[in-house]
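Q: Could you take me through one part of this structure up close? I'd like to start with a single pair of residues and work outwards from there.

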Amino acid sequence: MQIPIDQGLVTEARRLATLVVDPMLRYIRAHSTVSIERAALRLYGVDGVDADGVPWANRAVEAVERSGKLDRGICHWLAGACVKRDLEAQQAAEWLASGEVDWAVIDLPADERDRWSDDHTHRVLGDLWNRRHERMRLRERLGMGPTPWRYLIVATGNIFEDVPQAVAAAKQGADVIAVIRATAQSLLDYVPYGTTTEGSGGTYATAANFRLLRQALDEVSEELGRYVMGTNYASGLCMPEISVLAAQEGLDMLLNDALYGILFRDINLYRTLTDQYFSRLVNGYSGIIINTGEDNYLTTADAIEAGHTVLSSQFINERFAAEAGIPPAQMGLGHAFEIDPHRENGFLDELAMAQLVRQIFPEHPLKYMPPTKHITGDIFKSYAHQTMYNLATTMTDQTICLLGILTEAIHTPFVSDRYLALENIRYVNHYAKDLVHQFDLRPDSHITRRAQQVLGEAIAQLEHIADVGLVAALGEGCFADVKRFPDGGKGLSGVFEKAAEYHNPFWVALENRQGGRHALEQHT
């Protein structure tokens, strides 16, 4: 199935998205955040917590911040401590955290600092690159399941319960296992340490929890002869750090959106956009597929009236991701089947949206979300609605299909609930496999008209955002009917302007790759 659309309009939408993103990039590149500085420490191997349970990465950055010297970057002072006191990175971070520092002594000349930084940064990035290719070799050897990849959520709050449930889901046919993060974690300005057994609405994202899940998925992948992917959330106040931990522990995907935290967690827009840029530098280099969150817009706004906002946000997310070195093959742009089941020809409207997104982003591993807003206690009607979602998934060749589970929003789903969700999509994928290839769309068809309407409205919105600026547009409530302002939200105090002498060798090395930007420009 192909919708006749004007490719010139798609090119224009991408041009407008560039105009929206470029002013924000100028701000981003002139600033850093406490979480980016902590992420740099974690890249160098700084780990663990002090006697009070506070991560050493937090303690070290806080100590430098109190001294008024963080604008030069934590990496500058870490290098000085390592060189002048002959310490490893972990020891140096703990020493910096003490606050008993003669700053003048460890204020190295740039050439001496860069010798230490270049050597250690090269080793760290080499380790991440090797980790990436270790994953690639395993995927090639075991093979991947066919698309759409079946994405299942497992999150009880207790990682030791999550792991066997993840294994069971994989054995039932899931291709992607998501241990979703505890609800409040996005608002924590630190990453919890170690394995966790308590969590509300999910399980805490920690390095130890990532490691347990990865080990279990690797073992079941070998047993099944099929590679099973692991994913988590890199959003919120610790977005860059979680991306680092995910890269170190070998996760395959991360929920990583440019605007989600601003809109739905009320995190300051400057903090979020700066954090997401560095986070995506890490994700792009590590081969991690990002999943964006446009699907959430339609939980608060109407799918027909606001469908174009999903598309315009996807163009913006694509541009931000490309600027951070993420190629199209790692951009899992999000959308959702949130159409009202009582709307006449509503399925045609949703087919138009899903196919339009598929055609505009042909190389992207799109993430398609199931209906939630219109799911009710009528389990038969709700199950039928989710079956229609699976049919739309099949007909429009979506890549990542988050399975609709009737009890997902009520409690941690029983294994039987997940089994029914997997059986449903298996049935539809097989029963209607080649339906999409059996007909062509007329230029005057309902689906074509709706798709062209959505594209035209998205371009009009992008024109407006480019004219007033993204910051002002967010204040107008341009996405999800939610208004956010530049001085509002959480985390703004953690943003600072870089000094002329600012030093973060990871930022420089990863930004110099620019593989995603070049890939997108070549694609377009």
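A: Let's start small: Tyr 368 stands opposite Cys 401 in S10. This is a predicted model, where local features need pLDDT of at least 70, side-chain atom pairs count only at pLDDT 80 or more, and totals for chains, interfaces and linings use all residues. Residues are numbered from 1 along each chain as its sequence is written, and side-chain values use heavy atoms, leaving out hydrogens and water.

Now zoom out a bit. Strand S9 (residues 367-369) pairs with strand S10 (residues 400-402) in the parallel sense, over two bridges. Strands here are DSSP runs of E, at least two residues long, and helices are runs of H or I, at least four, numbered from the N terminus; two strands pair if DSSP finds at least two bridges between them.

Both strands belong to an open sheet of nine strands with parallel pairing, in the order S7-S6-S5-S4-S3-S2-S10-S9-S8. At the edges you'll find strand S7 (331-332) and strand S8 (334-336); each has a single partner strand, so one side of each has no neighbour in the sheet.

And the whole thing? The protein chain has 21 helices and 11 strands. Its radius of gyration (taken over C-alpha atoms) is 23 Å, close to the 24 Å that the globule rule (2.2 Å times the number of residues to the power 0.38) gives for 524 residues, so the chain is as compact as a globular protein of that length. Along the principal axes, its C-alpha atoms fill a box of roughly 75 × 55 × 40 Å.
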